[in-house]
Each structure stands twice: as structure tokens, then as C-alpha cells.
Amino acid sequence: MAGNWNAGFGTIERGVGDTMTIGIERAACIGGGVIGSGWAARFILNGVEVSVFDPDPETGRKVGEVLDNAGRAFARLFGDGRPAPGKLRIAASVAEAVDGAGFIQESVPERLDLKRTVLAEVDAAAPPDAVIASSTSGLLPTDMQRDLAHPGRMLVGHPFNPVYLLPLVEVVGGRATSPGVVERACGAYASIGMKPVVVRKEIDAFIGDRLQEALWREALWLVHDGVATVEDIDNVIRYSFGLRWAQMGVFQVYRVAGGEAGMRHFMEQFGPCLEWPWTKLTDVPDLDDALVDTISNQSDAQAAGLSIRELERIRDDNLIGIMQALERTGESGWGAGVLLRDAKRSMRDRVGSIREGAAR
Ligand SMILES: NC(=O)c1ccc[n+]([C@@H]2O[C@H](COP(=O)([O-])OP(=O)(O)OC[C@H]3O[C@@H](n4cnc5c(N)ncnc54)[C@H](O)[C@@H]3O)[C@@H](O)[C@H]2O)c1
């Protein structure tokens with residue numbers, strides 16, 4: 001696996017994290033909302049040329065605003081070692097956007113019929129070697145592949161918001177996806193500083209959203225039953241296990257909580273609570289007007305007048321601080337901090353080789 005894939009895919013570089021990277025030269029983003037513009041920003045700030053297609057006439061402004069926030073975050077995270085940003089083009093059609101693109105990321109609304117139509121349009125117009133990934137939060141790639149002439153090159157690449165800062169992407173192949181395409185997608189994502197995790201069995205909502213939904217369901221019940229306000233619940237998370245999760249996840253944190261006897265002891269101690277049970281499992285509160293009003297009003301009060309853009313900047317600064325702290329753990333960093341170190345090194349190498357090339 002070496003050399004150029006096509007016009008849009010570059011060459012294999014050295015690893016970021018534990019994945020071999022495959023540089024992308026041109027990408028296309030189909031859908032430029034919250035997630036599509038986050039993808040565009042991540043590609044552009046990693047030096048990749050991007051075309052965005054979205055029928056919304058405000059797309060240029062919206063992508064521009066996200067790019068401003070992302071550029072500010074990248075400057076804080078990577079300082080001077082950043083590559084020159086790739087060019088942004090707002091395309092007038094799907095066909096124009098995918099022209100010459102080696103990697104295509106679809107981020108249109110979460111409706112299977114719409115995804116199928118848009119993906120078929122992408123498949124018909126994209127260069128033959130291009131990889132087509134969907135940002136879907138939970139639809140199955142096998143279902144989305146149904147109407148494609150070349151389903152082998154389609155898979156899911158599920159990111160987390162803000163896409164330009166959070167490194168994880170869940171990579172999920174469908175029944176028709178070629179194994180080589182999963183590998184190429186992982187390499188491409190690693191080349192823009194991401195951590196691809198391949199989901200081993202196709203399953204609705206993959207891993208991250210299944211875990212988040214379980215927690216969210218429980219949180220909705222706690223508000224519904226008057227046990228806590230939305231702010232109480234957020235405080236419980238951000239002053240305790242939220243801090244632990246960012247650096248060790250759930251299993252390793254519990255291993256440590258088991259003391260010297262480790263995980264086995266932890267499971268003996270807390271395993272029985274699972275049977276009582278403490279939680280509401282899959283029962284869902286009725287999201288009637290009263291509950292939606294309670295949650296929206298409490299959430300407005302919690303925001304204390306801060307706009308979404310202001311909250312985004314605060315969120316970004318906090319994420320940067322956490323990743324930088326993880327970068328300083330031990331000699332080689334920890335978790336997302338290891339990835340940040342690798343991404344910085346890879347960016348410095350790229351900037352260095354561009355400068356060397358220019359000097360020759
Ligand atoms: N918001 C999140 O936190 C999040 C996280 C991960 C994945 N996702 C997934 O990303 C996808 C997009 O979600 P979002 O939050 O960005 O939604 P969004 O509503 O912010 O953006 C969707 C965009 O798609 C555009 N669009 C509609 N029809 C289109 C078409 N035919 N061609 C091109 N563009 C079209 C809309 O104009 C809109 O700008 C969904 O599949 C969602 O599940 C969302």
C-alpha cells in the first residue's frame with residue numbers, strides 16, 4: 001500500500017497515533033451545517049483543499065464563521081508549526097464539489113432517504129478511486145449503500161462536535177464496504193490529526209452515541225422526576241467523572257477505583273448494583289411540552305446570556321487546555337495528548353519539507 005491513489009489522495013506518511021497516515025490533497029464536504037463546516041475547517045487547517053456543497057444560500061457565511069473559530073483554536077493548539085491552510089471553494093452542485101476529490105465526507109440531515117439520494121449523486125459524479133464517508137450519528141452503512149453503483153467505497157466516518165478539535169472518528173464499514181477502503185479512510189483521517197476507531201460490528205448508533213444516549217436518558221429522567229435541574233446534572237458531571245473520563249475513559253478509571261485488587265475487586269463491589277437496578281434502563285420519559293419547556297428554560301438560565309458562538313469559544317478553549325495538559329503527562333503524553341504531540345510533529349515535518357522544497 002504505497003504511492004498516489006489518485007489526484008485527491010496523496011502519499012502514505014508516517015504514523016499519527018498508531019495509524020499510518022495517507023495524505024489527502026482534495027476533499028469535498030457535502031452538507032455544510034454544524035458538522036460539515038467542522039469537517040471543512042479540519043481539512044482546510046490541515047492544508048487540504050476543500051469544496052463544500054450545501055443548498056443553503058448562507059453556506060459561505062456559516063462555513064466562514066466556523067473556520068474563524070477553528071483557526072483561532074488551531075493557532076492556540078499548534079502555534080507556528082501549522083501548514084498553510086488549504087483553499088475553500090463553495091460549489092454550486094454535488095458534481096462540482098466532488099470533481100477531483102479523493103475523499104468525500106457527507107454531512108446532510110439524518111434521514112435515510114435523503115442520505116441515500118445524496119450518496120447516489122456523489123457516487124455517480126465522484127472520481128473512481130474516491131472514498132465516500134457519511135457522518136451519520138447512527139444509521140447503518142449497509143442501509144445507506146443500497147442505491148450505490150459502487151458501494152464498496154462507502155463507509156461511515158462518525159465524528160464528534162467540534163470536528164476541528166475532537167480527534168475521534170468512528171469508522172464503520174457496511175456489508176458491501178471493501179476492507180481496503182476502511183484502511184484508506186483510517187489513513188486519511190489520521191493524516192488530518194484524527195484518531196480512527198474501527199467499529200468491529202455494524203450496529204445502530206455505533207459506540208459513542210450508544211454510551212451518550214444511555215447517560216442522556218437517565219439525565220432526562222432525573223429532570224422529569226424533579227431530582228435535579230439541568231445545571232445540577234452538568235455540575236455533577238463536570239466536577240467529577242467528566243474530568244476522569246477525558247483522560248482514562250470508563251474501564252481504566254474503574255480499574256484504579258478497585259484499588260490494589262484492581263478491576264476484579266471493583267466488579268465484585270459494584271456489580272450487584274447493576275441488578276437492583278439504580279438506573280431506568282431503556283425506559284424513556286415522555287418528551288411532552290412540559291418537559292421540553294422545563295429543560296429549555298433551565299438551559300437558558302444556565303447559559304446566563306452567553307451566545308452559542310461565545311459558548312463555542314469557551315468550549316474550545318477548555319478542550320485545548322485539557323488536550324495540552326494531557327500532552328504534558330509523563331515523557332510522551334497520555335491519551336489525546338499523545339495524538340496532539342504526533343499531529344504537531346507531523347505538521348512540523350510537512351511545513352519543513354514544503355520550506356525545503358521552496359528553497360531548492
Ligand atoms: N450535530 C452533531 O453533534 C453531530 C455529531 C456527529 C454527527 N452528526 C451527523 O452529521 C450529519 C449532519 O448533522 P448536522 O448537525 O451538521 O446538521 P445541520 O442541520 O447543522 O446541517 C445539515 C446541512 O445539510 C444541508 N443539506 C440539506 N440537504 C442537502 C443536500 N441535498 N445536499 C447537501 N446539503 C444538504 C442543510 O442545508 C444543512 O446546512 C447528520 O447525519 C448527523 O447525524 C451530527
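## Phe74 and Phe78 in helix 2

Phe74 is buried in this predicted model. Its relative accessibility is 2%, and the cut-off for buried is under 20%. Phe78 also counts as buried, at 12% relative accessibility.

Both residues sit in helix 2, which spans residues 59–78. Four residues separate Phe74 from Phe78, about one turn of the helix. The two rings form a pair. Their centres are 4.9 Å apart and their planes meet at 55°. Planes under 30 degrees apart count as stacked and those over 60 as edge-to-face, so a pair between these limits is tilted. The Phe74 and Phe78 pair is therefore tilted.

## Phe43 and Phe103

The structure holds eight aromatic pairs. One of them joins Phe43 and Phe103. The centre-to-centre distance is 6.3 Å, and pairing requires centres within 6.5 Å. The angle between the planes is 55°, and this pair is tilted.

Where do Phe43 and Phe103 lie? Phe43 belongs to helix 1, residues 34–45. Phe103 belongs to strand 6, residues 103–106. The pair therefore ties together parts that are 60 residues apart in sequence.

Are Phe43 and Phe103 buried or exposed? Phe43 is buried, with a relative accessible area of 0%. Phe103 is buried too, at 1%.

## The aromatic cluster

Which residues form one aromatic cluster? Phe43 and Phe103 are members, together with Trp39 and Tyr189.

Methods:
Residues are numbered from 1 along each chain as its sequence is written. This is a predicted model: local features need pLDDT of at least 70, side-chain atom pairs count only at pLDDT 80 or more; totals for chains, interfaces and linings use all residues. Side-chain values use heavy atoms; hydrogens and water are left out. Rings of Phe, Tyr and Trp (its six-membered ring) pair if their centres lie within 6.5 Å; planes under 30 degrees apart count as stacked, over 60 as edge-to-face and the rest as tilted. Helices (H or I, at least four residues) and strands (E, at least two) are DSSP runs, numbered from the N terminus. Buried means under 20% relative accessible area, exposed over 50%, partly exposed in between (1.4 Å probe, protein chains only).
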